[in-house]
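Please take a look at the protein below. A short report on its metal site and its pockets follows.

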Amino acid sequence: MDDYLEQILHLIEEKGYARAIDISKNLGISQASVTNMLRRLDSEGLVLHEKYRGTVLTEEGRRIARAITDRHETLTRFLRLFGIDEKTIYHDVEGMEHHVSRPTLDVIRAVADALEADPKLLESVRRRL
Ligand code: FE2
């Protein structure tokens, strides 16, 4: 469910609308499954899904999608500090973003801020890898 909301927000920000076919392509999931999920999200009040007009997020859906996107961005920012390749970062972040708790995310954000503000500290951490 998180992946769908994240993807819908991404498509809306990129193109102004989210269509089942684009969600299906980006997530690598069949269009039939996407359509089923959109109906479910609609019945839970997270999106408004109209068959031929695309999908928009409700206020609650947008709030959740923003929180997921925020987790994604914070985790990506943290891992990029250590020179890990982008493909690995993306793969790891997509897994971690579903599980990481709010307190742990706050720690990761604080450590990322501290390392960004102190290149010497970052360098000394990187030397340990
Ligand atoms: Fe993500």
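How many residues, at least, does the lining of the largest pocket draw from each of domain 1 and domain 2? The lining takes at least three from each of domain 1 (2-57) and domain 2 (69-128); these bounds come from an automatic or database domain assignment.

This is a predicted model, in which local features need pLDDT of at least 70, side-chain atom pairs count only at pLDDT 80 or more, and totals for chains, interfaces and linings use all residues. Residues are numbered from 1 along each chain as its sequence is written, and side-chain values use heavy atoms, with hydrogens and water left out.

**The iron site**

The iron ion has protein donors 2.0 to 2.7 Å from it: Glu6 (OE) twice, His72 (ND1), Glu94 (OE), and Glu97 (OE) twice. Donors are N, O and S atoms within 2.8 Å of the metal (3.2 Å for Na, K and Ca); water is not among the atoms, so sites may look incomplete. Along the chain the donors follow the spacing E-x65-H-x21-E-x2-E. Glu6 in helix H1 (residues 2-15) and His72 in helix H4 (residues 59-80) link distant parts of the chain, 66 residues apart. Helices (H or I, at least four residues) and strands (E, at least two) are DSSP runs, numbered from the N terminus.

Why is the arrangement irregular? The six donor atoms subtend angles of 54 to 149° around the iron ion, which makes it so. Six donors count as octahedral if opposite donors are over 155 degrees apart and all others between 65 and 115.

Glu6 counts as buried, because its relative accessibility is 11%. His72 is buried too, at 15%. Buried means under 20% relative accessible area (1.4 Å probe, protein chains only).

**The two pockets**

A pocket is an open set of points on a 1 Å grid where a 1.4 Å probe fits, with protein on both sides within 12 Å along at least five of seven lines; lining residues have an atom within 4 Å of a point.

| Pocket | Volume |
|---|---|
| Largest pocket | about 340 Å³ |
| Second largest pocket | about 200 Å³ |

The second largest pocket is lined by 14 residues, and Ala20, Ile21, Gln31, His49 and Lys51 are the closest to its centre. Helix H3 (31-43) gives the most to this lining, with four residues.

In the largest pocket, H1 supplies the largest share of the lining, six residues.

Terms used. Four donors count as tetrahedral if all angles lie between 85 and 135 degrees; four count as square planar and six as octahedral if opposite donors are over 155 degrees apart and all others between 65 and 115; anything else is irregular. Buried means under 20% relative accessible area, exposed over 50%, partly exposed in between (1.4 Å probe, protein chains only). Grid points are joined across faces, edges and corners, and a volume is the space filled by probe spheres set on the points.
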